[in-house]
Amino acid sequence: MENNSHQLSIRVYAEDTDMMGIVYHSNYLCFFERARTEMIRQTGLSLIMLATYDCHFAITEVQLRYIYPAYLDDLITVTSRLTHKSSCSLTFEQVIHNQETKLLCEAQIKVVCVNNEKKPRRLPEQLFKV
C-alpha cells in the first residue's frame with residue numbers, strides 16, 4: 001500500500017500525566033489519534049475536508065498493550081502503519097517509543113468510514129491508495 005507508514009513526535013506535557021509524572025493510560029489513545037490524523041493529512045486530506053464530503057471515522061475496535069510508561073517531558077514517537085484496508089474500514093498498527101527507542105505501548109485500531117447518519121460508507125478513493 002502506498003503511504004502506509006507515518007511517524008509523529010510528541011512531547012509529554014503535565015496535562016498528559018498523573019501526579020507521579022507518568023502518562024495516564026487513556027492518553028495513549030489521544031496520541032494514537034493525533035498520529036492517525038496526521039497520517040491522513042499526509043495524503044493531502046484533512047478531517048475537516050472529509051467531513052464536507054459526508055465522511056467521518058468511527059473507531060470500532062481497539063487493542064492496546066502497555067509495556068513501559070512514558071513520563072513527563074519525554075519525547076515520544078508514534079509510528080503508524082496501515083495494515084488493512086477494506087471498502088469502508090481501515091486497520092492501523094501503531095506503536096509508541098520514547099527518546100531512548102524503548103517500546104512503550106502498541107495498538108491495533110480499526111476505524112470505519114461513516115456518513116452523517118452514522119451509516120457505513122465507502123472510503124474516499126484517494127485515501128491510502130492500494
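Mentor: A polar contact is a pair of N or O atoms within 3.5 Å, and within protein one of the two must be able to donate a hydrogen and the other to accept it. Please keep in mind throughout that this is a predicted model.

Trainee: What makes the approach between the side chains of Ser89 and Ser86 a polar contact?

Mentor: The distance between the side chains of Ser89 and Ser86 is 2.7 Å, and since the cut-off is within 3.5 Å, the pair qualifies as a polar contact.

Trainee: Where is Ser89 placed, and why does Ser89 count as buried?

Mentor: Ser89 belongs to strand β4, which covers residues 89-97. Its relative accessibility is 5%, and because buried means under 20% relative accessible area, Ser89 is put in the buried class. Beyond its neighbours within four places in sequence, Ser89 touches His84, Lys110, Val111, Val112 and Leu123.

Trainee: How do you know that the protein is as compact as a globular protein of its length?

Mentor: The secondary structure comprises 2 helices and 5 strands, arranged along the sequence as β-α-α-β-β-β-β. The radius of gyration is 15 Å, close to the 14 Å that the globule rule gives for 130 residues, and therefore the protein is as compact as a globular protein of that length. Along the principal axes, its C-alpha atoms fill a box of roughly 45 × 30 × 25 Å.

Trainee: What share of the residues is buried, and what share of the contacts with a separation of 6 or more joins residues 24 or more positions apart?

Mentor: Buried residues amount to 38% of the 130 residues, and residues 24 or more positions apart provide 68% of the contacts with a separation of 6 or more. As for the accessible surface, about 7,600 Å² in total, carbon and sulfur atoms contribute 51%.

Trainee: Why is Ile10 called buried, and which residues is Ile10 in contact with, leaving aside its neighbours within four places in sequence?

Mentor: Ile10 has 8% relative accessibility, so with a cut-off of under 20% it counts as buried. Ile10 is found in strand β1 (residues 5-11), and, with those neighbours set aside, it is in contact with Phe31, Arg34, Asp74, Leu75, Ile76 and Val78. For Arg34 the C-alpha to C-alpha distance from Ile10 is 9.3 Å, with their positions 24 residues apart in sequence; contact, however, is judged on heavy atoms within 4.5 Å.

Trainee: Is Thr43 buried or exposed, and how do you know?

Mentor: Thr43 lies in the loop between α1 (27-42) and α2 (47-52), and at 18% relative accessibility it counts as buried, because that value is under 20%. A polar atom of the Thr43 side chain also lies 2.5 Å from the backbone oxygen of Ile40.

Trainee: What makes Asp54 partly exposed and Lys118 exposed?

Mentor: Asp54 has a relative accessible area of 24%, and since partly exposed covers what falls between under 20% and over 50%, that is the class of Asp54. Lys118, by contrast, has 64%, and because exposed means over 50%, Lys118 is exposed.

Trainee: What can be said about phi in Asp54 and in Lys118?

Mentor: Asp54, in the loop between α2 and β2 (56-66), has a positive phi of about 60° although it is not a glycine. Lys118, in the segment after β5 (103-114), is likewise a residue other than glycine with a positive phi, near 65°. A polar atom of the Lys118 side chain lies 3.4 Å from the backbone oxygen of Asn116, and since the cut-off is within 3.5 Å, that distance satisfies it.

Trainee: Why is Val114 counted as buried, and which residues is it in contact with, leaving aside its neighbours within four places in sequence?

Mentor: Val114 lies in strand β5, and its relative accessibility of 10% is under 20%, so it counts as buried. With those neighbours set aside, Val114 is in contact with Asp54, Cys55, His56, Ala58, Lys119, Pro120 and Arg121. Cys55 can also be placed against Lys118, at 9.5 Å from C-alpha to C-alpha and 63 residues apart in sequence.

How values were computed
Residues are numbered from 1 along each chain as its sequence is written. This is a predicted model: local features need pLDDT of at least 70, side-chain atom pairs count only at pLDDT 80 or more; totals for chains, interfaces and linings use all residues. Side-chain values use heavy atoms; hydrogens and water are left out. Helices (H or I, at least four residues) and strands (E, at least two) are DSSP runs, numbered from the N terminus. The radius of gyration is taken over C-alpha atoms; the globule rule is 2.2 Å times the number of residues to the power 0.38. Buried means under 20% relative accessible area, exposed over 50%, partly exposed in between (1.4 Å probe, protein chains only). Accessible areas come from the Shrake-Rupley method with a 1.4 Å probe; for residues, only the protein chains shown count as cover.
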